[in-house]
Amino acid sequence: MTAVVDRLNTEKTTFSVEFFPPRSDDEERILWRAVRELEPLDPAFVSVTYGAGGSSRDRTIRTTGRIAQETTLTPMAHLTAVDHSVAELRNVIGWYAASGVQNVLAVRGDPQGDPNGEWRQHPEGLTYAEELVRLVRELGEFCVGVAAFPHGHPRSTDLDVDADHLVRKIRAGAGFAIAQLFLEPEYFLRLRDRMVARGCDVPLLPGVMPITTPRVLGKFGELAGVPVPAEVSEQLWPLAEDPAGFRAAGVDLVTRLCERLIAEGVPALHFYTLNRSKATRQVVANLGL
């Protein structure tokens, strides 16, 4: 199995994509259509999310394993510490290995039912993502990634302290980090500066999501944990009743964001696809990747 860090070690910017596990047969068909449409573009890797509290654990394992076994893509599975004992986490990591998955994104995760609720450690579990990174690395030849927050973690009030936490996760054994969604590149670039200032130079991937509909624009605020920038709202909301115009403007906006990031030397762009491929393929084509 190819390690994500090896796929990122190229001379030009590449891209990766993120899916969530399907909840029904219809969703599974949609997901696999997207997988097959993106496969010829050779993304650096494909990640599959893991629901809060392990709510989609089995589907994540099955989907990631199928990608490993039935496609030419490099899969990466998510893993969270929410509501899991260390013994359960060891089992999940073992299932990943048995499915041929050697790349893992280790995140503490949000409380089940309320992402902004109070964090409660499982009595026999872990408290911090850096502990999860160490556990995964101890159990095999895994390539481990972690989450990064350009606007700061929702439970952090200080960007410098948040950067310290990120660096600790990397020094615990992570080889790269993926940033949460953002639409203002300065937040991402300043986070990268803070990492460099701390002597941390692992790949930091920006998280981007093509904005194709008003619903997706509304979803951005939910996923990113910050309001949609006023400039973006002013540009897109007047087109809310014009589906084609809204989509074209949204794809153009994200393309220009990606162009700025490429000019700043990012190793890869990480696309949150919402299990669709068309808009991601369009942005990738616009960028010539």
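Mentor: Buried means under 20% relative accessible area, exposed means over 50%, and partly exposed lies in between, with a 1.4 Å probe and protein chains only. The model is predicted, so local features need pLDDT of at least 70 and side-chain atom pairs count only at pLDDT 80 or more, while totals for chains, interfaces and linings use all residues. Residues are numbered from 1 along each chain as its sequence is written, and side-chain values use heavy atoms, with hydrogens and water left out.

Trainee: Why is Cys 143 called buried?

Mentor: Cys 143 has 9% relative accessibility, and the limit is under 20%. Cys 143 therefore counts as buried.

Trainee: What makes Cys 200 buried or exposed?

Mentor: Its relative accessibility of 7% makes Cys 200 buried.

Trainee: Why is there no disulfide bond for Cys 200?

Mentor: A disulfide is a pair of cysteine sulfur atoms within 2.5 Å. The closest cysteine sulfur to that of Cys 200 is in Cys 143, 14 Å away, so the two are too far apart for a bond. A search of the whole structure finds zero disulfides.

Trainee: What makes Arg 198 partly exposed?

Mentor: Arg 198 has a relative accessible area of 23%, so Arg 198 is partly exposed. Arg 198 sits in the loop between α7 and β7 (204-208); helices (H or I, at least four residues) and strands (E, at least two) are DSSP runs, numbered from the N terminus. Not counting residues up to four places away in sequence, Arg 198 touches Asp 160, Ala 163, Asp 164, Val 167 and Arg 171, where contact means heavy atoms within 4.5 Å.

Trainee: Why is α10 called oblique to α11?

Mentor: The axes of α10 (residues 243-263) and α11 (residues 278-287) come within 10 Å and cross at roughly 50°. Angles under 35 degrees count as roughly parallel, over 145 as roughly antiparallel, 65 to 115 as roughly perpendicular and the rest as oblique. The crossing angle therefore makes α10 oblique to α11. By class, their contact has six nonpolar, three polar and three charged residues; Ala, Val, Leu, Ile, Met, Phe, Trp, Tyr, Cys and Pro count as nonpolar, Asp, Glu, Lys and Arg as charged, and the others, Gly among them, as polar.

Trainee: What makes α7 parallel or perpendicular to α10?

Mentor: The axes of α7 (residues 185-197) and α10 come within 11 Å and cross at roughly 25°. That angle makes α7 roughly parallel to α10. The contact is made by Pro 185, Glu 186, Phe 188 and Leu 189 of α7 and Leu 257, Arg 260 and Leu 261 of α10.

Definitions and conventions
Axes fitted to C-alpha atoms, helices over the stretch in contact; angles between N-to-C directions.
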